[in-house]
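Welcome, and thanks for taking a look at this one with me. Here are some notes to read alongside the model.

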Amino acid sequence: MRGEPASLAAWAGAAAREAWDDASADSSSVRPERIAVVVGTSLGDEGAATKVAEAVCEATGARGLRCTITTACASSTNAIGLGRDLLLEHDADLVIAGGAEKLVAQIFGGFAALGVLASEKCAPFGETMGTTLGEGAGFVVLERAGERPVRAHAYVTRPARLADRIDRS
């Protein structure tokens with residue numbers, strides 16, 4: 001989003017719109033009141049976390065349930081999990097789920113205080129240990145399989161029950 005202010009809401013709106021367009025979603029195939037938005041973020045943009053969900057709704061026309069999850073590093077994953085649950089319970093017909101994060105002083109300070117920041121640039125398979133922080137936004141459109149003629153990029157499934165995973169041999 002070159003030339004635009006680096007607002008978290010703008011990033012989230014643009015990322016959600018890309019996911020929306022990729023999913024061939026439009027307001028004529030599903031009632032806007034049945035399209036939920038679930039956003040994950042740690043702090044939002046200087047504490048304005050609810051603005052992110054509003055930006056996603058504005059960018060996509062969603063008018064259903066909207067919520068923001070703030071569970072630190074797991075926020076976006078939890079947003080996708082809650083979106084899956086909303087579909088399974090038929091509380092929504094489509095869910096725009098994902099997350100957005102802006103590197104603000106509180107986040108940087110928290111990781112620095114923990115002593116977990118990498119001393120060098122990110123190298124996933126390199127020798128340097130530690131965390132490298134970043135910022136941005138990413139969203140997916142979730143829906144129940146087989147209800148619309150669309151190409152699926154991935155599936156979110158139920159985890160196997162613990163009892164089924166235990167090797168009893």
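1. Let's start at one residue, T41, keeping in mind that this is a predicted model. Leaving out residues up to four places away in sequence, T41 touches L8, A49, T68, I69, T70, T71, S75, A100 and E101. You will find T41 in the loop between β1 and α2.

2. Is T41 buried or exposed? T41 has a relative accessibility of 0%, so it counts as buried, since buried means under 20% relative accessible area. Its side chain also reaches the backbone oxygen of A100, at 2.7 Å.

3. Now step back to the whole chain. Five helices and four strands make up its secondary structure, and along the sequence they follow the pattern α-β-α-β-α-β-α-β-α.

4. Next, the interior. The largest nonpolar core has 22 residues, and the members touching the most others are I35, V37, V39, V56, I96, F139 and V141. At least two residues of this core come from each of α1 (8-22), β1 (35-40), α2 (49-60), β3 (94-101) and β4 (136-143). The largest share belongs to α1, with seven residues.

5. I96 is a good residue to click on if you want to see this core from within. Which residues is I96 in contact with, leaving aside its neighbours within four places in sequence? They are A16, W20, I35, A36, V37, V38, V56, T60, A62, F139, V140 and V141. Apart from the core just described lies another one, of 10 residues, which includes A36, I69, A79 and V95. Two of these names have come up already: A36 is in contact with I96, and I69 is touched by T41.

6. A word on cysteines. The count of disulfides comes to zero. Two cysteines are worth comparing: C57 counts as buried because its relative accessibility is 6%, whereas C73, with a relative accessible area of 67%, is exposed. The cut-offs behind those words are under 20% for buried and over 50% for exposed.

7. Finally, some totals for the chain. It has 169 residues, and 33% of them count as buried. Its accessible surface comes to about 10,500 Å², with 53% belonging to carbon and sulfur atoms. Taking contacts between residues at least 6 apart in sequence, 74% join residues at least 24 apart. The contact between I96 and A16 is one you can look up for yourself.

How values were computed
Residues are numbered from 1 along each chain as its sequence is written. This is a predicted model: local features need pLDDT of at least 70, side-chain atom pairs count only at pLDDT 80 or more; totals for chains, interfaces and linings use all residues. Side-chain values use heavy atoms; hydrogens and water are left out. A nonpolar core is a set of buried Ala, Val, Leu, Ile, Met, Phe, Trp, Tyr and Cys residues joined through side-chain atoms within 4.5 Å. Buried means under 20% relative accessible area, exposed over 50%, partly exposed in between (1.4 Å probe, protein chains only). Contact means heavy atoms within 4.5 Å. Accessible areas come from the Shrake-Rupley method with a 1.4 Å probe; for residues, only the protein chains shown count as cover. A disulfide is a pair of cysteine sulfur atoms within 2.5 Å. A polar contact is a pair of N or O atoms within 3.5 Å; within protein, one must be able to donate a hydrogen and the other to accept it, and residues adjacent in sequence count only if both atoms are side-chain atoms.
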